[in-house]
Amino acid sequence: MRRLISGFIISVSILFTVNSCSTGSDPEDIILDVFSVPAELTLQIENIFNDLAMDVNGIAMHKLEFKGDSIVTNVAKCLKVSVHRNAETFVLDSIVLDYGTSTCLSNGAAFKGKVIVDPKDEKLESFDIRLKDFSSYGYSITGTIEFQITGETAGDDFSMTMENAEFLISGTEEMVYTVSVSSISNVYTFLKSEEGESAYIDDVFKFTTNLLGETPDGVSFALESNSDLVYAYSCKNIIGGKADLSLSDVGDGIVNFGGGDPDSDCDAKATVSAFGANITITL
């Protein structure tokens, strides 16, 4: 189960202070301590975005030809999916994924609130996604999202981008801290179905990512991979591939997510290598 980064704001402030003036500890240990907290935050945001992309793709895009007013196949009991069409033309108007007001575990992801999918063209290839009172793993999330089907079959190849997003974290004394995500752009390609069936809950995707943002303490972060990462529905995590991670005033590192096997690499862990040392982060 993915965990929320506790005490994030306090941790970053303290670590950056000791990084600049401490002489009593091993400098490499100090640098790695500073690196680990914003790195964990970056990977949390990446995972939440992937979970959202996969739920929208698996639930909504597999059902674009659906003729009823609801979707129930492969849908968690806590999730209500309604289909809205123009009363006269019967053209699809929107698909609403309502996760409710308490935590809903949808194929392993944890969401609250609503996700509204609006078609942008008659071919049903481009969509706007609106978030309403939406949160995941303790983050309240806002932002503008675009979804694009890039292959011939809906539910397989697609891309999703998000701009000017905010991930809000509740701190101590009723303080709310903002993690700004200027952009995140992921391109997904269907790789295989583990069970050889069309049910998306066993699908495995490869994808690329480009994530840019800033922590509440002003640390700019970037996560980028132009080679294939691997995401498995059965694990609800990235399970394979490598990505470059950059943190302003800290340095660069490499994130290794594993070998891409849904059985042996489904451990919800990633290794971050920086400054000649490794740290393990739980996703």
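In the predicted model, 13 aromatic pairs were identified. One of them joins F158 and Y188, whose ring centres lie 4.6 Å apart with the planes at 20 degrees, so that the pair is classed as stacked, the limit for this class being under 30 degrees. This pair links distant parts of the chain, since F158 belongs to strand 8 (residues 158-170) and Y188 to strand 9 (residues 176-193), with the two positions 30 residues apart in sequence. Both F158 and Y188 are buried.

An edge-to-face arrangement is found for F190 and F205, with 5.8 Å from centre to centre and 80 degrees between the planes. F190 is located in strand 9 and F205 in strand 10 (residues 203-214), so this pair ties together parts that are 15 residues apart in sequence. The two partners are set apart by their accessibility: F190, at 28% relative accessibility, counts as partly exposed, whereas F205, at 0%, counts as buried. Through ring pairs, F158, Y188, F190 and F205 are linked into a cluster that also includes F127, F147, F207, Y231 and Y233.

The search for enclosed space returned one cavity of 30 Å³ or more, and the largest cavity holds about 30 Å³ of space. Its lining is formed by I48, F49, L52, L131, F134, I141, M162 and F167. Two or more residues of this lining are given by each of helix 2 (27-60), strand 6 (126-136) and strand 8, with helix 2 giving the most, namely three residues. In character, the lining of the largest cavity comprises eight nonpolar residues, with no polar and no charged ones.

Note on methods:
Residues are numbered from 1 along each chain as its sequence is written. This is a predicted model: local features need pLDDT of at least 70, side-chain atom pairs count only at pLDDT 80 or more; totals for chains, interfaces and linings use all residues. Side-chain values use heavy atoms; hydrogens and water are left out. Rings of Phe, Tyr and Trp (its six-membered ring) pair if their centres lie within 6.5 Å; planes under 30 degrees apart count as stacked, over 60 as edge-to-face and the rest as tilted. Helices (H or I, at least four residues) and strands (E, at least two) are DSSP runs, numbered from the N terminus. Buried means under 20% relative accessible area, exposed over 50%, partly exposed in between (1.4 Å probe, protein chains only). On a 1 Å grid over the protein atoms alone, a cavity is a set of points where a 1.4 Å probe fits but cannot get out, and a pocket is an open set with protein on both sides within 12 Å along at least five of seven lines; lining residues have an atom within 4 Å of a point. Grid points are joined across faces, edges and corners, and a volume is the space filled by probe spheres set on the points. Ala, Val, Leu, Ile, Met, Phe, Trp, Tyr, Cys and Pro count as nonpolar, Asp, Glu, Lys and Arg as charged, and the others, Gly among them, as polar.
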